[in-house]
There are 2 protein chains.
Amino acid sequence: MRLLFEREVEPLASRPGPGKLQFIPLGGLGEIGKNLALLVVNQDIILIDAGLAFPEEDMPGIDIVLPDITYLIENKEHVRGIFLTHGHEDHIGALPYILRQINVPVYGAPLTMGMVEMKLQEHQVTLHPKSRAVTPGEVVRAGVFSVEFFRVNHSIPDATGLIIRNPVGTVVHTGDFKFDQTPVDGRVAEFHKLAQVGQEGVLLLLSDSTNAERPGYTPSEKTVGKMLDSIIERAEGRVIVASFASQVHRVRQVVEAAVRHGRRVAVVGRSMENVVQKAIDLGYLDFPAGTWIDVDEANKLPAHQVVIVSTGSQGEPMSALTRMSTADHRKVTILAGDTVIISATAIPGNEKYVARTVDNLYRLGAQVVYGREAGIHVSGHACQEELKLMLNLVRPQFFVPVHGEYRHLVHHAQLARDVGIDPSHILIGENGTVFEFTKTTGAIVGQVQSGKVLVDGMGVGDVGNIVLRDRKQLSNDGILIVVVGMDAQSGLMVTGPDIVSRGFVYVRESEALLDEARQRVKTALTAMEGNNLSEWSAIKSQVRDTLGRFLWERTKRRPMILPIIIEV
Amino acid sequence: MRLLFEREVEPLASRPGPGKLQFIPLGGLGEIGKNLALLVVNQDIILIDAGLAFPEEDMPGIDIVLPDITYLIENKEHVRGIFLTHGHEDHIGALPYILRQINVPVYGAPLTMGMVEMKLQEHQVTLHPKSRAVTPGEVVRAGVFSVEFFRVNHSIPDATGLIIRNPVGTVVHTGDFKFDQTPVDGRVAEFHKLAQVGQEGVLLLLSDSTNAERPGYTPSEKTVGKMLDSIIERAEGRVIVASFASQVHRVRQVVEAAVRHGRRVAVVGRSMENVVQKAIDLGYLDFPAGTWIDVDEANKLPAHQVVIVSTGSQGEPMSALTRMSTADHRKVTILAGDTVIISATAIPGNEKYVARTVDNLYRLGAQVVYGREAGIHVSGHACQEELKLMLNLVRPQFFVPVHGEYRHLVHHAQLARDVGIDPSHILIGENGTVFEFTKTTGAIVGQVQSGKVLVDGMGVGDVGNIVLRDRKQLSNDGILIVVVGMDAQSGLMVTGPDIVSRGFVYVRESEALLDEARQRVKTALTAMEGNNLSEWSAIKSQVRDTLGRFLWERTKRRPMILPIIIEV
């Protein structure tokens, strides 16, 4: 496999000397997504998470984005293991690509490893045989590191943080977390362990910055359960609940409410079916006998006995709920009297898709429950008071905010100052930053290569800036192809110029414009005939210039112009 | 000028018979944007607003979107005038295009007409000589209609609603409004007039649905002034305030705060400069002598004496603030110690651009004040309690919610039911819906053509679904052009096939792939030689099929494939 990189940066940082620890994020700082970081002590490296990101709006045609792992590959013989904090795509999604290049043991909590197995199967990649599911509380040794998983709360079961002991000093990585005082599974985040390690002394805290802008506390997942229950109780027709597939606790609360109110539950959408099945297999979810029914069966039941759990909470074009909203789902037809609950918040960039889905569901006559104020969703990330609690429990010597766009890191740093951490011990960096610590010092000491590797179809890294620039130009104004047949000996134009366009104008309506364009090119090229043209580049420039100027003047557009010269 | 239309719909509705009034929105219902509606009685039509919309994310290369006005054009001899409620683009932006086709008198409040003049000058369109600025309270006669403008509050001065008296019954159109009890210019919305017309009897209310999802009241613009004042007071360095150019009251409050705290004000960004100048000329804004300074002058003053008012509150790529945030502005360099206030809310779809601007400003060391919770912006639209107040004041027989996406209309209809309007008198429709009323009845009676006319550069309507579909395909996977020279007589391939690609893969890295693709095409075409190919379409299909299959298999991508056959 070949990897091409988006940007070439400074030379590689040298690995830390004795008594030093480096923290090197290759993803997740200055962005939400593709979390991946190295911890380096002496000859040993461990990875924390291996996630992907979803493409930005300026990456047409791109399916997913991976972190650039050049630095990792160049140091691959030192990598002792990959530690996963939880099973979300932005923490495990790059694994299939990374394991093809460095096959090291992978460790994570049971559901996390379950999600990993599903993903690796799909990609036909096998885990290193030493990989294993780790129960929170267990300690895994990897080189000089001993890594202890501790339980946190998040929007997926089995979310963990890591206490990473090593000769330089203890590092605490929170993973994605919040403190839920009344979690659905009864498993409160391990305050005692955090308090204890804070007591023992922590060199460095790496903490989730996603909600660092938001004051207060994130409400408990159970508040959502109560609201869902009351909506399902009052609904006279079917209830359709859209959520993230990995939100197993949400699904659990829907199932419990359904059972309480005499309804059965159909599960719709491939990822939802897969994750629900995996969660049942691993004991994270329970459907009382007869509760889980097929959609066909649901369609035969009276409406007030049915709940449907579905994908599509982000308005994703191909998802089950979106298809329902456009009356395009194979098995579920939205009817007046249905209640649709969109139990999620739109991820930035998806707001318009969700809004469109809501509009379309209303057009079909459904009742729709959605939006921040409806009480049907809570964040999976800690707000400011929880972040401060984490800082106060762990009491680190040094603090690096992670997992956030730049403004989130800035706000999180401010919270650290607010709770009294020495401002000179709070370090803000971005992907590729090399943070280096001794037992008493901490500083940014360099920068290694980092960036984006774009995946388009089966191609990993074969779409880069030039291809994207072309795609953007093509999408803005289309393309004109100008074909000219030239006699190589005489330098005379034999056929053409012919012009073919795509994505520029309705050809049928713009014949006159294209005719005139052809004439302009012809005149320009005829004027060049007889000159000794040893190669065609002068002709190509002439075509581009003449046509570009003419079209700008007439249309104020700049389509791509592609001259093709055929020797005949 | 040629207009092509996005969709062909049902035949034109016939105009209403005697004693009937029709309301026909051609834009603004089921969307936010391109507001334009017809009121029809007997032989007379008046237009309410003539706005544009901004392109959706699935309209690459499109600059603006106009309403399809086919129905209007076909009835143009009956149009008696265009009544503008206020000067925002989504209410006046289509005027230059419409006036080129139906040159009728335009009426609006003074600032509205000032904005119109600026716009028409740019487009070199002149107003019908009977057009004029109308002071709220004045009545304009147009055919059977007599139209009285009344003052409302909104995020631009001189926002008005319309009381439209006619033989069938009084229609009240709110325009975009909120009720600001303490407006910056002291001009409270005209409650008394609304109460009075409600007393007299109103047949139909058409009311702004933008914030129909939001409970409570929209806070007064003055609350923003207080917050801006306190930020400017506390700031030790420069303060840069980004806002919409048309938010003249916001600018006024910034200027007042600047003066109070011994600062002078520079204005940056072309549209901001134009609107500020126009507002000063018309008496809506006042800079005390010496307060408005040039940016160059500002750059020479101590930082604590400077406020900069700027465009770019939506993170628009070419705007002043965005350029500052990427250290790319010609005259303003962001420094540590600067305070940047983004005094606006991101319009749906712009969230990521605004977030990126904030991140970049932080990277440059600025303090940034932004977001819903910061108290530095309020909406210009009425929330639920204000919408109910409007309904209760006007007490219409019939109610049609306007100005909103479908879900907003649904919520607004619910508010009308909540205040006791007969549910059968509440009608929800979308663009093109024909609402017909008599003195006692109201119903949806038909549908006229409506839709989107896309403007790309100088082309109005010459980009439609096919061109957009091509642009989307081009942007997702690029294009491969396959050039083959054929001998027309023999049907033998003489040159090629040659393959040129753009936006597909890095060519340098994918030579082997493209070589193999060429071989595949060659083999397929060679197999066809000797067949009697009277035309080239079979060859073209063969190229598309062979190459399409091969590339999908190898790359899981579907680039556009364009075979070009040259007769040689």
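**Notebook: annotated site and nonpolar cores**

I began with burial in this predicted model, and at 1% relative accessibility I count Asp208(A) as buried, because the cut-off for that term is under 20%. I then placed Asp208(A) in strand β12 of chain A, which covers residues 202-208.

I looked up the UniProt record next, an unreviewed entry, and its "active site" annotation covers Asp208(A) and His381(A). These positions span 174 residues in sequence, yet no two of their C-alpha atoms are more than 7.6 Å apart, so I note that they gather at one spot.

For His381(A), I found a place in the loop of chain A between β18 (367-369) and α12 (384-394), and with a relative accessible area of 13% His381(A) is buried. Leaving aside neighbours up to four places away in sequence, I listed what His381(A) touches, including Asp208(A), Asp176(A), Phe177(A) and His403(A). I also noted a polar contact of 3.2 Å between the side chains of His381(A) and Thr210(A). Running the contact search from Asp208(A), with neighbours within four places left out, I found among the partners His381(A), Thr174(A), Leu387(A) and His412(A).

Turning to the nonpolar interior, I found that the largest core has 94 residues, of which Leu38(A), Leu66(A), Ile82(A), Val172(A) and Val307(A) touch the most other members. Helix α7 of chain A (residues 248-260) gives this core its largest share, six residues. Domain 1 (21-216 + 379-460) and domain 2 (221-370) of chain A both contribute residues, so I place this core between them. I closed with a second, separate core of 67 residues, which includes Val40(B), Ile45(B), Leu111(B) and Met113(B).

How values were computed: Residues are numbered from 1 along each chain as its sequence is written. Chains are lettered from A and ligands numbered from 1 in the order in which they are written. This is a predicted model: local features need pLDDT of at least 70, side-chain atom pairs count only at pLDDT 80 or more; totals for chains, interfaces and linings use all residues. Side-chain values use heavy atoms; hydrogens and water are left out. UniProt positions are given in the numbering used here, feature names are shortened, and annotations may be inferred rather than shown by experiment. Helices (H or I, at least four residues) and strands (E, at least two) are DSSP runs, numbered from the N terminus. Buried means under 20% relative accessible area, exposed over 50%, partly exposed in between (1.4 Å probe, protein chains only). Contact means heavy atoms within 4.5 Å. A polar contact is a pair of N or O atoms within 3.5 Å; within protein, one must be able to donate a hydrogen and the other to accept it, and residues adjacent in sequence count only if both atoms are side-chain atoms. A nonpolar core is a set of buried Ala, Val, Leu, Ile, Met, Phe, Trp, Tyr and Cys residues joined through side-chain atoms within 4.5 Å. Domain bounds come from an automatic or database domain assignment.
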